[in-house]
Amino acid sequence: MKNFDKVTIFDTTLRDGTQGTGINLTLKDKLDIAAKLDEAGVDYIEGGFPLSSEKEASFFRLAQKENYKHSKITAFGSTRKSGNKAESDPYITAMLQAETPAVVVVGKSWKEHVEKVINTTFEENLEMIYDSIHLLKKEGREVIFDLEHFFDGYKGDSEYALKVLQTGTEAGAHSLVLCDTNGGTLPMEVLEIINSLPQKDLAPIGVHFHNDTGNAVANSIMSVTAGASHIQGTINGWGERCGNANLCIIVPNLALKMGIYTNMNDGLSGLTTLSRYVAEKANVIPDKSQPYVGETAFSHKAGQHADVIAKAPELMEHIDGKLVGNKRKILISGLAGKSTIVRKLAKYGDFDKQSEVVSSLFESLKEKELEGYEYEAAEASFDLIIRKSLDRFASIFDLSNYHLESFKTKGAKSKTVGRIFLKVKGIDHMGAAVGEGPVETLDEAIRDALIQTHPFLSKMHLIDYKVRILNPEEAAHAKTRVFITSSDHQHSWDTVGVSENIVEASWEALIDSMNYYYNNFVLEEDN
Ligand SMILES: [Zn+2]
């Protein structure tokens, strides 16, 4: 491993990350995310391409007014066009007008792209790079030079790729970022190529990987072992096609496994919150199995390892999840046995395996599982079962009745109209709503009925709804299992419902979700 003590972290969630399918951020989202990235200790935040739209340009105007503690906001653009003067080139002008302390200039290092894409000579490409970096540097910017398709370029003609690196260095680039733009390079090639570079004669090396072979994280780590001191990536690994290198994995690997310092190390215990915050802003369901920060990254299910999990779950974990702000979860299932139930109950007190509460919970869990309920992915519903058995449950309301009607007119989307009658502390309330489907309509009708008595409901919302048919051989009588994930921006929780009727199954999961929130966060705020 090369001898250096610090790696700088460059986040491109706001630029490359938004190239990912389904990732859309408003201007406000971008500013909110930038504030969180700064808090987390990110060194550079790539804000976008100021020339591409008014939204991008306004981001830089507004970001200028912020007082970032750790991060340098960075504008992205390319080298001047062939034949242009850097001084009057629109890309360079836009980067300057963004008035950021640092800029990223992308340039060509693969001969084939010089010939076939920008149709210019190899010499002119080098001059375009030199002029652009030189001018931006002269204007007081810190210039990060992104070498597009560097690894392919190096494999095609290493001498030319090296010349591009030297040109960037001579022009005054602060770092030379080797980009694997099509994501096709493997870790051993990365190691070999970076090791073969005359690093002491060049500006510091950085890397930017895409995940098309599933190796973006591995490649980034290999690069650090070969001497790279600047890593680009995105939160949650979002990006075009298969994504970019995932900073939520790279940073803890550097910090906890390799003993390398980044400015994000001090705030490492905020990483899980950061990952979920960014997902929430982008309206993307967080990947539960994401290493380090995923909801199941430290969850255990009995079975083969039942013994270890009952006695010492930490022996099944590669690190303590708390280091990255994550939590251990012991999944509940009939298979798990009484010791798991005892652990679940620990939140409410000390219970013995032989106690009546544990035995009756164990029995009802078995029964419920036979009916098709599953609590591994619906711990909030199980929490309510526990509360009921301990007499620590308060129902958010009592249902009198609801009524749903679905209608469709030719050429228009179908709609559902619903009304609900319910009681809160013996007093009748009525709510009504029109929605696209029955779940949305019921949810809205309940909120309508409780708008005065339960204003806290506006803080929680559904983020995911999943339906599964349990015994399809029964055709029309098949059972439906519904899972609902809800969130209040800080916590998320999952509930389940099972019935032969999909509306009834959804209703159960929906009411569990509201009751869970009510019992855990409204009645027991400090719990
Ligand atoms: Zn990229």
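Which residues point one way from strand 6, and which point the other way? The points below take up this question and then set strand 6 in its surroundings, in a model that is predicted.

1. In strand 6, S175, V177 and C179 point one way, while L176, L178 and D180 point the other way, and all of them are buried. This fits a general rule, that in a regular strand the side chains alternate between the two faces of the sheet. Strand 6 is accordingly described as mostly covered, with six of its six residues buried.

2. Strand 6 belongs to a barrel, which eight strands close in the order 1-2-3-4-5-6-7-8 with parallel pairing. Neighbouring strands of this sheet are turned against each other by 25 degrees on average, if direction is ignored. As general background, strands of a sheet pair through backbone hydrogen bonds, either parallel or antiparallel.

3. The two partners of strand 6 can be followed through V177. On one side, strand 5 (residues 142-148) pairs with strand 6 (residues 175-180) in the parallel sense over four bridges, and here D146 stands opposite V177. On the other side, strand 6 and strand 7 pair in the parallel sense over five bridges, and V177 stands opposite G206 of strand 7.

4. The closing of the barrel can be read at I231 in strand 8. Strand 7 (residues 205-209) pairs with strand 8 in the parallel sense over three bridges, with V207 opposite I231; strand 1 (residues 8-11) also pairs with strand 8 in the parallel sense, over four bridges, and I9 stands opposite I231 as well. Within strand 8 (residues 230-233), H230 and Q232 point one way and I231 and G233 the other, and all four are buried.

5. A helix can also be placed against these strands: helix 3 (residues 90-97) lies across strand 3 (72-78) and strand 4 (102-108), and runs at about 170 degrees to strand 3.

6. The largest nonpolar core has 92 residues, and those that touch the most other members are F145, L176, L178, I250 and V251. Apart from this core lies another, of 35 residues, which includes Y375, V482, W493 and I511. Returning to L176 of strand 6, and leaving aside its neighbours within four places in sequence, a reader will find that L176 is in contact with F145, L147, L165, G168, T169, L202, A203, I205 and G206.

7. Helix 17 (residues 502-522) allows a simple check of length: at 1.5 Å a residue, its 21 residues should span 30 Å, and because its end C-alpha atoms are 29 Å apart, the two values agree. Of these 21 residues, 16 are buried, so helix 17 is largely enclosed by the rest of the structure.

8. Turning to the whole protein chain, there are 17 helices and 16 strands, and the C-alpha atoms fill a box of roughly 80 × 60 × 50 Å along the principal axes. The chain is divided into domain 1 (8-282), domain 2 (299-371) and domain 3 (397-453), and the centres of domain 1 and domain 3, taken over C-alpha atoms, are separated by 49 Å.

9. Two percentages complete the picture. Buried residues make up 44% of the 527 residues in the protein chain. Among contacts between residues at least 6 apart in sequence, 67% join residues that are at least 24 apart.

How values were computed. Residues numbered from 1 in each chain as written. Predicted model: local features only at pLDDT ≥ 70, side-chain atom pairs only at ≥ 80, totals over all residues. Pairing = 2+ DSSP bridges. Helix = DSSP H or I, 4+ residues; strand = E, 2+ residues; numbered from the N terminus. Axes fitted to C-alpha atoms, helices over the stretch in contact; angles between N-to-C directions. Contact = placed C-beta atoms within 7 Å. Core = buried A, V, L, I, M, F, W, Y, C linked by C-beta atoms within 7 Å. Buried ≥ 20, exposed ≤ 12 C-beta atoms within 10 Å, placed from the backbone. Domains from an automatic or database assignment. Expected span 1.5 Å × (residues − 1).
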